[in-house]
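Visitor: I am new to this structure. Could you take me on a close look at its pockets and cavities?

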Amino acid sequence: MAVRMIGFDLDGTILTNDKRITEGTRKTLEEIAAAGVIPVPVTGRPLTGIPADLLDLPCIRYVIYSNGSTTIDLHKKKQLRTHHISTAAGLEIMDILFQTAEKKLEQLPVIEYFLNGTGYHEPDAEKMLRARFYHTPVWDYLTASRVTVPDLHRFVADQEAGIEDISVVCRTMEERETMLSGLIDYPGIRITRPAPGDFEIGGDFGDKGMALLDLAGMLGVDREEVMAIGDGDNDLGLLTSAGIAVAMENSAPHILEIADFVTCDNEHDGAAYAMRKYTGHL
């Protein structure tokens, strides 16, 4: 069957290492959309962290963000699907995270909560992120999408909206597994490991693949007509749910193993090449 919808990750996939969208990729998105294919960014980033030059493209109407917790129609400014962690559960998870760190680690990790399309953290977390990312392209993304609050627990408790995603950045993989030890049996959550030392917590149905297929169903697109492109652990559900799974050459090994096609890396318009290949625009 012809491809009618393409869900694509951002970091390591459609974005270059310096977090840009190339002119070739932009042109590809516009051309496949003009031919009737629906391009959908599917990212772990909060909404405020998605590059404006991508969101401003007229061909980008639907966006799935915070690892599948939220799907939005940009044209109607309306949320189409949400699967969030409740405030009560989010506060309980926060207590577990801080208590585990205080008992078992020498230094607190970076703990961030995504709500209403933005990430929130405390001043110490901001200092740690600055030390790690200040002179890298990631820092621009962080400054655009994060807000520092004096007391994260109090801030989250005062919010009416559910929690889209919880991000934890540890110094090592060993610290990450220590932090996860307190959450092994916690019900109703989904844990992904997007990078060494990092992990993210979402609702059990806050999954990129589930969100993309739900959107496809709303728009009358069959699973076999959906293509997905990704590179990391948090793209696993995205790729296994789609009719065609495309992995970037720079993907993790277990992602390469499940792919129907491996395209070139994110520094060489690999995502755009795969889009053209499967929509007949080469």
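Guide: Here is a walk through the open and closed spaces of this model. The model is predicted, so a word on the ground rules: local features need pLDDT of at least 70, side-chain atom pairs count only at pLDDT 80 or more, and totals for chains, interfaces and linings use all residues. Residues are numbered from 1 along each chain as its sequence is written, and side-chain values use heavy atoms, with hydrogens and water left out.

Two kinds of space come up. On a 1 Å grid over the protein atoms alone, a cavity is a set of points where a 1.4 Å probe fits but cannot get out, while a pocket is an open set with protein on both sides within 12 Å along at least five of seven lines; lining residues have an atom within 4 Å of a point.

Let us start with the largest pocket, which holds about 900 Å³ of space (a volume is the space filled by probe spheres set on the grid points, joined across faces, edges and corners). Its lining counts 40 residues, and D11, P194, A195, D198 and E200 lie nearest the centre. Elements giving at least two residues each include α1 (10–14), β6 (110–115), α6 (138–145) and β11 (198–203); helices (H or I, at least four residues) and strands (E, at least two) are DSSP runs numbered from the N terminus. By class, this lining has 15 nonpolar, ten polar and 15 charged residues, where Ala, Val, Leu, Ile, Met, Phe, Trp, Tyr, Cys and Pro count as nonpolar, Asp, Glu, Lys and Arg as charged, and the others, Gly among them, as polar.

The second largest pocket has about 160 Å³ of space. Among its lining residues are D18, K19, R45, P137, D140, Y141 and A144. Helix α6 gives the most to this lining, with three residues, and the classes here are six nonpolar, two polar and four charged.

Now for the closed spaces: a search of the whole structure finds two cavities of 30 Å³ or more. The largest cavity, of about 60 Å³, is lined by N67, D165, R190, T192, G202, G206, D207, K208 and N234. No nonpolar residue appears in that lining, which has five polar and four charged ones.

The second largest cavity has a volume of about 30 Å³, with T13, I14, T25, N266, D269, G270, A271 and A272 around it. Both α1 and α12 (270–279) give two or more residues to this lining, and α12 gives the most, with three. Its classes are three nonpolar, four polar and one charged.
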